[in-house]
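Welcome, and please open your viewer. We will go from stop to stop, with something to select at each one.

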Amino acid sequence: MKKLITITLLLLTFSIQAQDKTNALPRIGTVTGNVLDVSLNQPLPYVNVIVKDTNNKLITGGITNNDGQFRVTQIPEGTNLITIEYLGFLPQTKTIVITKDNKVIDLGTINLEEAATSLDEVTIVAETSTIQQKVDRKVITIGKDLQTAGATASEIMNNLPSVSVDQQTGSISLRGNQNVRVMVDGKLSNIPAEQLLKQIPSSSIKSIELITNPSAKYNPEGMSGIINIVLHKNIKIGFNGNINIGLSHDIEAKFNSSIDANYRNGKFNLYGSYNNSVTKNFNFGEINRVEQNIQQKFEILNNNKSHLFKVGLDYYLDDRNTISVFTNQNIFDGWVNVDSEINYLANAALNESQYTRNDNGNDSEQYNFNYKHDFNDDGHSLELEVDHNTYDGLSDSRNNFFSSQRPNFLENTDTDRKSSTINLDYSNPISETTKLEFGLQARLFNTTIFYQSDARETNQSGVYIPTTTTFDYTRDIYSAYATYGKTLDKWSYQVGLRAETVAVDSEAFKKDLASNEETTIPFDNDYFRLYPSAFLTYTASDKNSFQLNYSRRVDRPGIGQVNPLPEWSTPLISQFGNQELRPQFTNSIETNYTRQLKNGSITAGAFYRIIEDEIQQAILIDRSDVNRLFFTNLNFDNSSAYGVELSSNYRPTKWWSINSSFDLFSQTQKSVAESFDTNQNIVLNTVKVDNIVWNVRAFNNFKVTKALSLSAFGMYSGKNKNIQFEMEDMLMVNLGMRYSFLEGKASLSLSYNDIFDTMYAQFEGQTPYLQQGQFNWESQQISARLSYRFGGGKYRAKSRKQRDNDTKSGGGFM
């Protein structure tokens, strides 16, 4: 690993010229050669060629092409050292002398031998996870220890600082806000985030980036930021791959598996993967309206099956041009049964119940094309990317009511969604200390949702009227951005500006099937906005660094928030979208301090946000049945939020490592809620909630032997308020172990989550009625995961695309 880090640092410093007397010498020399693998007698591409002076000062360098040949120019006159470095091979150093009469030196064929250390011992997955604060993001490297925390991305998210996942809905939030964008390898997916996170095995994740204040280069969507999941990429020549199998159980069984494989040589990389998930999830809970003596109980059973396929190809045309293509194909099928009972404790004759069966499935497709051209200067590039997504979903819902005045009915929802993104990015390191980037982007999005409800029967209280509704929503965004960065000794800064023009066009068409009455509700919203960003870094020493940054962002309403069709409905509660909902804008400022310790690091940060046209939930009473509530979303006045964060990774001993974090955030929420006055008249109230939440997490890894490690995770979440409820605090403790065998190629992980059965949601609310309740889910899961790595190719240096560091690249699992 130390050797890998050394080579990486050398690659990063190729553009830095030695600041000594060699700069004064004329750079007239050129060195050429050819590098072979002595055991295979085959050329070695991407070998590092490093040129230093006699004082061991770095001058310049280069890499070999696909045929193992290299040519390095601009070598100063005099004696120089040429070092041939390659991961997994013994380096070679040659001495050359450049004179006016001997400007071009051919080193001929250089044969490299494999190092005595077995290549299988090169560590690709770290043993322990780390947390690193960078200028615009926090990077959590997912080590083998954290993989025991859960089988999927959704399960390990709660182990990360400032991140939480709702265990019932799967929705993810960052710093207490669900307005967050989830990306995989820098790309958004048409697959719903809740569904996507449950399909990605934890063993496929290399790192997770929390981009809380993105620069102008990134799309400004997501008020609380971006969560980017970076997946492992195979850097081996030849045929290689991985197999993962996971099984979990509490009340119901859950199974997931994956296989990925690639074939790589000097000219191309062909890869593919398959993932499947078969899970059942059981939830139950109740809500009690204390003053009305009404008790509502829920039992929810989900059964989901998903299949995700990916095939891709990277083709290296020559040293400076690369073409990459891939496609993702996702198939999802599932059903959910909801049993709901309403008990009127003062009059049992009014008791009623509802049974809902919802069958849903969706197919999504993604097609991606990427072309990158590297200019002569390191880091100087032009990149074109075209990405197209389709989504086709069908939902059939059967609603049966027992001892109720409501008739049975069917609901059918057909969703057709298309999105296309075109990016053109240019990057130019103008000098050793200055970098300029700019680009253009077009994002085209359209969805059509067709909804139909059908009466199944009538009763003595009246006739249920069936309707059909079509909701068509189009949003086209065209943007341009530019960023400029410069380093001045211990200081560095980056400023950027993104300009966007947005056109929103939506139309809801409703038809009463009984009377044939038609209603059309159009809505348009076109606007132009600027999104500036600025970053400042001060590196006081090798151990201390400070960051200060600012950005402006937008949270555009999601389809569920603007769709006027019912999202869900029970005899007492229904939720609808608001077609006229406007976006909310955020100005965010953030500061961080990082301290490098002898055995780890610690990062402290604080943030402050001003939110314009804030989107919040409204609670309204049904005029036709005062016991029923409607939930929807409205825009409110400006509000603010602030918070502090503290995270650390520390190794007290060689066998014990700790990743811990603490976060506290405050946010003011506003809403309107209808209630009854003393005369039982409906009145409209403005509700304001000042919410302060704090969370603490600690992940401990204990290395018992070289092959066996144990883990313990603890999380405490304080009380949390929202518009309707105040949530009680929650505690969770998980245990795990990991055992490696077959010379490190295979591993077995076991985990037992929520060992004290303390992870459940308990709440109380005052608006519009006094309510108390609790929801439980399958938190006490026992899980087992088996991983196996196959293939015997040699490790190669990374390609020019630097895929592991480029969030816009393809390859790997997704």
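Start with a turn: a hairpin of four residues joins strand 19 to strand 20. Strands here are DSSP runs of E with at least two residues, helices are DSSP runs of H or I with at least four residues, and both are numbered from the N terminus.

Before going on, a word on what you are viewing. This is a predicted model, in which local features need pLDDT of at least 70 and side-chain atom pairs count only at pLDDT 80 or more, while totals for chains, interfaces and linings use all residues. Residues are numbered from 1 along each chain as its sequence is written, and side-chain values use heavy atoms, with hydrogens and water left out.

**Stop 1: strands 18, 19 and 20**

Select residues 321–344 for strand 20, which pairs with strand 19 in the antiparallel sense over 23 bridges. Two strands count as paired if DSSP finds at least two bridges between them. Click on Leu 301 and look across to strand 20: Asn 337 is its bridge partner there.

Now add residues 268–289 (strand 18) beside residues 294–316 (strand 19); these two strands are antiparallel as well, with 22 bridges. Tyr 271 makes a good marker, standing opposite Gly 312 of strand 19. Strands 18 and 19 also form a hairpin, with four residues between them. In that turn, select Asn 293, which has a positive phi of about 55°. While you have strands on screen, remember that side chains in a regular strand alternate between the two faces of the sheet.

**Stop 2: a nonpolar patch**

Which strand gives the largest share of the nonpolar patch? Strand 16 does, with three residues. To see the patch whole, select Ile 243, Ile 245, Leu 247, Phe 255, Ile 259, Val 278, Tyr 739, Leu 742, Leu 748, Leu 750, Leu 786 and Tyr 788, which together have about 950 Å² of accessible area. Such areas come from the Shrake-Rupley method with a 1.4 Å probe, and for residues only the protein chains shown count as cover. Patches are made of residues with over 30% relative accessible area and no salt bridge; nonpolar side chains (Val, Leu, Ile, Met, Phe, Trp, Tyr) are joined within 5 Å, like charges within 9 Å.

Colour strand 16 (238–249), strand 17 (253–264), strand 42 (746–752) and strand 45 (782–791), since each supplies at least two residues of the patch. Ile 259 sits in strand 17; it is partly exposed because its relative accessible area is 37%. Buried means under 20% relative accessible area, exposed means over 50%, and partly exposed lies in between (1.4 Å probe, protein chains only).

**Stop 3: a negative patch**

Move to Asp 363, Glu 365, Asp 392 and Asp 414, which form a negative surface patch. Asp and Glu count as negative and Lys and Arg as positive, with His and the chain ends not counted. The place of a charge is taken as CG of Asp, CD of Glu, NZ of Lys or CZ of Arg. Glu 365 belongs to strand 21, residues 352–374.

**Stop 4: salt bridges**

How many salt bridges does the structure hold? There are twelve, each a side-chain nitrogen of Lys or Arg within 4 Å of a carboxyl oxygen of Asp or Glu.

Select Glu 500 and Arg 443, whose side chains meet at 2.7 Å, N to O. This pair links distant parts of the chain, with Glu 500 in strand 26 (residues 491–512) and Arg 443 in strand 24 (residues 434–455), 57 residues apart. Glu 500 is buried, at 1% relative accessible area, and Arg 443 counts as buried at 10%. Add Arg 498 and Arg 556 to show a network of salt bridges linking them with Arg 443 and Glu 500.

Next, find Asp 663 and Arg 697, in a salt bridge of 3.2 Å, N to O. Asp 663 lies in strand 36 (residues 656–676) and Arg 697 in strand 37, 34 residues apart. Asp 663 is buried at 3% relative accessibility, and Arg 697 is buried with a relative accessible area of 3%.

**Stop 5: contacts across the sequence**

Stay in strand 37 (residues 682–703) and select Val 696. The C-alpha atoms of Val 696 and Ser 162 are separated by 9.2 Å, although their positions lie 534 residues apart along the chain. Finish at Ile 156 in helix 3 (residues 153–156), which counts as buried at 0% relative accessibility. Ile 156 and Ser 202 are 46 residues apart in sequence and 7.3 Å apart in space, C-alpha to C-alpha.
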